[in-house]
Amino acid sequence: MKFVNNLIEDKIFVKENHEYLLEVSKTFFYYSLVSSIGGIVMSLVHSVIVETTESFVNTGYTITISSSFFMNLLFGVIFYVLSLIFERSVELYEENKLTI
């Protein structure tokens, strides 16, 4: 919300915007990591429960990762690139303010 408030107040080229976008990208990366680990653990637990209750014939494990992992990873990359763009734009803006 602070990022949106900065944009509404016409505070575009400030270092805070870069930090907000970087924080959002880290959150998406963290969430994709947690969801993938959770998916792997749940797949292993399900495989063990099914194998022990039904039969011991199938000894292979099936690991599934949901599409939300890839979606969160993609959003993390997008917000990370945006944060780098904002970081560079702040540097250029500060440099241009000094050359007037």
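This tour goes from the whole chain to a group of aromatic rings and then to one histidine.

**Whole chain**

Start with everything displayed as a cartoon, keeping in mind that this is a predicted model. The protein has three helices and zero strands, so there is no sheet to look for, given that strands are DSSP runs of at least two residues. Read from the N terminus, the order of elements is α-α-α.

Switch to a surface view. The accessible surface of the protein is about 7600 Å², and carbon and sulfur atoms account for 68% of that surface. Of the 100 residues in the protein, 18% are buried. For contacts between residues at least 6 apart in sequence, 64% join residues at least 24 apart.

**Helices α2 and α3**

Return to the cartoon and select residues 15-53, which are helix α2. Then add residues 67-98, helix α3. The remaining stops concern these parts of the chain.

**The aromatic rings**

A search of the whole structure gives five aromatic pairs. Two of them are visited here, beginning with Phe28 and Phe75. The ring centres of Phe28 and Phe75 are 5.6 Å apart and the planes meet at 45 degrees, so this pair is classed as tilted; the tilted class covers angles that are neither under 30 degrees nor over 60. Phe28 belongs to helix α2 and Phe75 to helix α3, so the pair ties together parts 47 residues apart in sequence.

Keep Phe28 selected and add Phe79. What kind of aromatic pair do Phe28 and Phe79 form? The pair is stacked, with 5.7 Å from centre to centre and 5 degrees between the planes. Phe79 lies in helix α3 while Phe28 lies in helix α2, so this pair links parts that are 51 residues apart in sequence.

With the three side chains shown together, Phe28, Phe75 and Phe79 can be viewed as one aromatic cluster. Now colour the three by accessibility. Phe28 is partly exposed at 23% relative accessibility. Phe75 is also partly exposed, with a relative accessible area of 34%. For Phe79 the relative accessible area is 23%, which again counts as partly exposed.

**His18**

Last, select His18, in helix α2. Is His18 buried or exposed? His18 has 9% relative accessibility and therefore counts as buried, because the cut-off for buried is under 20%. To see what surrounds the side chain, show Ser83, Leu84, Phe86 and Glu87: these are the residues in contact with His18 once its neighbours within four places in sequence are left aside.

Key
Residues numbered from 1 in each chain as written. Predicted model: local features only at pLDDT ≥ 70, side-chain atom pairs only at ≥ 80, totals over all residues. Heavy atoms only, no water. Phe/Tyr/Trp six-rings, centres within 6.5 Å; stacked < 30°, edge-to-face > 60°. Helix = DSSP H or I, 4+ residues; strand = E, 2+ residues; numbered from the N terminus. Buried < 20%, exposed > 50% of the residue type's maximum accessible area, 1.4 Å probe, protein only. Contact = heavy atoms within 4.5 Å. Areas by Shrake-Rupley, 256 points an atom, 1.4 Å probe, with all protein chains shown as cover.
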